[in-house]
Amino acid sequence: MKPVLLPVLMILAAGTITTGLDADLPEDPEAEIVGLENELMRAFQGADRLTLERIVDDRFLLTSATSHGEQIDKGRFIDGGLDLRMESFRFHDFRVRLFGNTAIVSCRLDCSSDWAGMQWDSDFI
C-alpha cells in the first residue's frame, strides 16, 4: 500500500476527491471545492480519520502509476494517507471547471512531509 501515496498526493492536487456535489450545488462551488481540498489535507495532517471519512466519497477509486492498475478504494486511500506525517502544505493555481454536478479541478500542491522515514519536499502538479 505505501507506494501509492506519492500518486495519491498528485491526484489530490488534481482534485479527484468526490465532495458530495451530487446534491444541489453550493452557492459558490469553486470556493467549496477549494475549501474541501484544504480541509482534506488538514485532516491528513492531523490524522483526523472522521473528517477524512466524511470528505472522501464512498465511491472513491484511485488508479495510479504505482498501483500497477489496481484500484485503491476509499479505505485504502485513507489508511495510506494516515501513514503520512505532513509538516506543511499549500495549494495554489487552482482551476475549477464545472460540468453540471461534476467538477474537474487542477492545481499545484507544495508539500513537505515524511512518509516511512523518507522526507518529501515537492511541488506537485
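# Close-up views of a predicted chain

**View 1. Ser112, a buried residue in strand 4.** With a relative accessibility of 14%, Ser112 counts as buried (the classes are: buried under 20% relative accessible area, exposed over 50%, partly exposed in between, using a 1.4 Å probe and protein chains only). What you're looking at is a predicted model, in which local features need pLDDT of at least 70 and side-chain atom pairs count only at pLDDT 80 or more, while totals for chains, interfaces and linings use all residues. Residues are numbered from 1 along each chain as its sequence is written, and side-chain values use heavy atoms, with hydrogens and water left out. Ser112 belongs to strand 4, residues 102-115 (helices are DSSP runs of H or I with at least four residues, strands are runs of E with at least two, and both are numbered from the N terminus). Skip the residues up to four places away in sequence, and Ser112 touches Met86, Glu87, Ser88, Gln119, Trp120 and Asp121 (a contact is heavy atoms within 4.5 Å).

**View 2. Asp121, an exposed residue in strand 5.** Slide over to one of the residues that Ser112 touches, Asp121. Asp121 sits in strand 5, which covers residues 118-124. Is Asp121 buried or exposed? Its relative accessible area is 53%, so Asp121 is exposed. Apart from neighbours within four places in sequence, Asp121 is in contact with Cys111, Ser112 and Ser113. For a C-alpha distance in this view, take Asp121 and Glu87: the two are 34 residues apart along the chain, and their C-alpha atoms are separated by 9.6 Å.

**View 3. Cys107 and Cys111, two buried cysteines.** Cys111 shows up again here, as one of the residues that Asp121 contacts. At a relative accessible area of 5%, Cys111 is buried, and Cys107 is buried too, at 6%. A disulfide is a covalent bond between the sulfur atoms of two cysteines. How many disulfides does the structure hold? The count is zero, with a cut-off that asks for a pair of cysteine sulfur atoms within 2.5 Å.

**View 4. Lys74 and its salt-bridge partners Glu53 and Asp58.** Side chains of opposite charge can pair when their charged atoms come close. Glu53 and Lys74 form a salt bridge, with 3.6 Å between the closest N and O atoms (the criterion is a side-chain nitrogen of Lys or Arg within 4 Å of a carboxyl oxygen of Asp or Glu). Since Glu53 lies in helix 3 (residues 49-55) and Lys74 in helix 4 (residues 74-82), this pair ties together parts that are 21 residues apart in sequence. Lys74 also meets Asp58 in a salt bridge, at 2.7 Å from N to O. Here Asp58 comes from the loop between helix 3 and strand 1 (61-62) and Lys74 from helix 4, so the pair ties together parts that are 16 residues apart in sequence. What about burial? Lys74 counts as buried at 9% relative accessibility, Glu53 is partly exposed at 34%, and Asp58 is exposed at 65%. Pull back a little and you'll find Arg49, Glu53, Asp58, Lys74 and Asp79 linked in a network of salt bridges.

**View 5. Asp57 and Arg59, a salt bridge between a buried and an exposed residue.** The side chains of Asp57 and Arg59 meet at 2.7 Å, N to O. Asp57 counts as buried at 15% relative accessibility, whereas Arg59 is exposed at 53%. How many salt bridges turn up in a search of the whole structure? Eight.

**View 6. Ala47 and Asp93, two non-glycine residues with positive phi.** Ala47 has a phi of about 50 degrees. You'll find Ala47 in the loop between helix 2 (29-45) and helix 3, and at 45% relative accessibility Ala47 counts as partly exposed. Asp93 has a phi of about 55 degrees, but its place is in strand 3, residues 84-99. Asp93 counts as exposed, at 54% relative accessibility.

**View 7. The chain around these close-ups, with four helices and five strands.** From the N terminus on, the elements run α-α-α-β-β-α-β-β-β. Of the 125 residues in the chain, 40% are buried. Take the contacts between residues at least 6 apart in sequence, and 58% of them join residues at least 24 apart. The chain exposes about 6700 Å², with carbon and sulfur atoms supplying 51% of that area (Shrake-Rupley method, 1.4 Å probe; for residues, only the protein chains shown count as cover).
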